[in-house]
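Here is a short report on selected side chains and backbone angles. Have the sequence and the structure open as you read.

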Amino acid sequence: MKSILLKFSVIFLVILLSSGFTPKKNKSVQDFQGKAYYFSKAKMDLGTWGARLNEGQKKEVEARLKNRLQKNYVLTFNKEESFFEEEDQLDAMSGATDSWGKNFTPGHQYKNVKTNFQVQNQEFYGKNFLVKDSLQPIVWVMGKETKEIGNYTCFKATASIPTNELTWYNFSWNRLNETTDDSAKDDIAMTIVEAWYTPQIPVGHGPLEYWGLPGLILEVSAGNTTMLCSKIIINPKEQVEIKAPEKGKIVSKEEYQQIISKKMIEFRDNRSGRRRG
């Protein structure tokens with residue numbers, strides 16, 4: 001009798017394995033996935049030029065620049081990887097996408113916190129670049145302050161990061177001057193960053209260049225911009241493959257900055273030449 005039962009058990013096990021049956025496992029790195037939706041708001045700084053405008057004119061400028069001051073993003077993540085992208089928006093005045101602004105905004109960004117690796121797709125005047133580099137080093141100072149963001153308890157952390165490293169995909173004449181002025185190189189501009197993370201989602205991810213805290217970053221403020229998470233979905237029914245962008249000329253962050261600077265100098269010189277002519 002025992003022999004018959006043993007044979008039956010072996011046959012049953014073979015049938016189960018051949019039919020593709022496998023025992024239920026805990027959620028792995030690949031199985032676990034989340035989506036965090038963010039919106040950003042930036043305060044408009046018009047400098048000395050803005051001081052000459054009345055309130056009506058300032059509101060008109062704000063309306064025209066709304067698409068650049070207020071943006072929406074999505075961060076898809078698992079335990080090790082994340083993919084960050086901006087949601088397309090129509091220009092508030094013209095109904096068109098902001099093609100000029102896209103030259104200086106962050107493209108699709110892949111980060112891997114386990115391998116300390118980042119890939120970001122940048123389009124600059126019709127040319128695609130794959131910017132591959134290490135993750136931005138951040139030394140966080142952990143605080144004890146807490147606050148609620150949605151249904152999550154968040155803790156405060158702060159850091160001081162070189163401003164140019166946070167906006168490497170953008171261009172400014174001040175940065176260009178710093179690279180040619182030896183005295184300016186010693187005076188590196190720093191940005192104080194304030195982040196709020198939740199250990200209830202124990203992943204080291206965050207939007208943009210921010211990462212490395214013991215929980216998902218739900219809010220971050222740097223300079224005149226604040227980014228806040230408005231919705232989180234854990235293990236959505238339809239999961240997507242998180243992978244790095246693949247198309248474009250491979251460059252580092254430093255090389256990409258050099259390319260932008262060279263092109264902007266060409267634009268400036270060409271415009272100056274037309275005026276003289």
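## A buried acid without a salt bridge

E81 is buried, yet this residue has no salt bridge in the predicted model. The nearest side chain of opposite charge is K114, 10 Å away. A salt bridge needs a Lys or Arg side-chain nitrogen within 4 Å of a carboxyl oxygen.

What does the side chain of E81 make a polar contact with? The partner is the side chain of Y110, at 2.6 Å. E81 is found in strand β3, which covers residues 81-86. Leaving aside neighbours within four places in sequence, E81 is in contact with T76, Y110, K111, N112, H205 and I242.

## Q118 and its surroundings

Q118 is found in strand β5, residues 117-124. Is Q118 buried or exposed? With a relative accessible area of 2%, Q118 is buried. The cut-off for that word is under 20%.

Q118 and L135 are 17 residues apart in sequence, while their C-alpha atoms are 5.7 Å apart in space. Not counting residues up to four places away in sequence, Q118 touches a list of residues that includes Y110, K111, L135, W168 and K253. Y110 and K111 also appear among the contacts of E81.

## Aromatic pairs

A pair of aromatic rings is described by the distance of the centres and the angle of the planes. Eight aromatic pairs are counted here. One of them joins F155 and Y197, with 6.1 Å centre to centre and 35 degrees between the planes. That pair is tilted. F155 lies in strand β8 (residues 152-162) and Y197 in strand β9 (residues 190-198), so the pair ties together parts that are 42 residues apart in sequence. F155 is partly exposed, at 28% relative accessibility. Y197 is buried, at 6%.

W168 and Y256 form another pair. Their ring centres are 5.9 Å apart and their planes stand at 80 degrees, so the pair is edge-to-face. W168 lies in the loop between α5 (163-166) and α6 (173-180), and Y256 lies in helix α8 (residues 253-276), so the pair ties together parts that are 88 residues apart in sequence. Both W168 and Y256 are buried. Which residues do ring pairs link into a cluster with these two? F129 and Y169 belong to that cluster, along with W168 and Y256. W168 is also one of the residues that Q118 touches.

## Lysines over rings

K79 lies over the face of F32, at 5.1 Å from the ring centre. K147 lies over the face of W196, at 4.6 Å from the ring centre. W196 falls within the span of strand β9, residues 190-198.

## Positive phi outside glycine

Y125 is not a glycine, but its phi is positive, at about 50 degrees. Where is Y125 placed? The residue sits in the loop between β5 and β6 (127-134). Y125 is partly exposed, with a relative accessible area of 32%.

L208 is not a glycine either, and its phi is also positive, at about 50 degrees. L208 is found in the loop between β9 and β10 (216-222). Is this residue buried or exposed? L208 is buried, because its relative accessible area is 17% and the cut-off is under 20%. Y125, at 32%, falls in the range between buried and exposed.

Notes
Residues numbered from 1 in each chain as written. Predicted model: local features only at pLDDT ≥ 70, side-chain atom pairs only at ≥ 80, totals over all residues. Heavy atoms only, no water. Phe/Tyr/Trp six-rings, centres within 6.5 Å; stacked < 30°, edge-to-face > 60°. Helix = DSSP H or I, 4+ residues; strand = E, 2+ residues; numbered from the N terminus. Buried < 20%, exposed > 50% of the residue type's maximum accessible area, 1.4 Å probe, protein only. Lys NZ or Arg CZ within 6 Å of the ring centre and 35° of its normal. Lys, Arg positive; Asp, Glu negative; His and termini not counted. Polar contact = N/O pair within 3.5 Å; in protein donor to acceptor, adjacent residues only side chain to side chain. Contact = heavy atoms within 4.5 Å.
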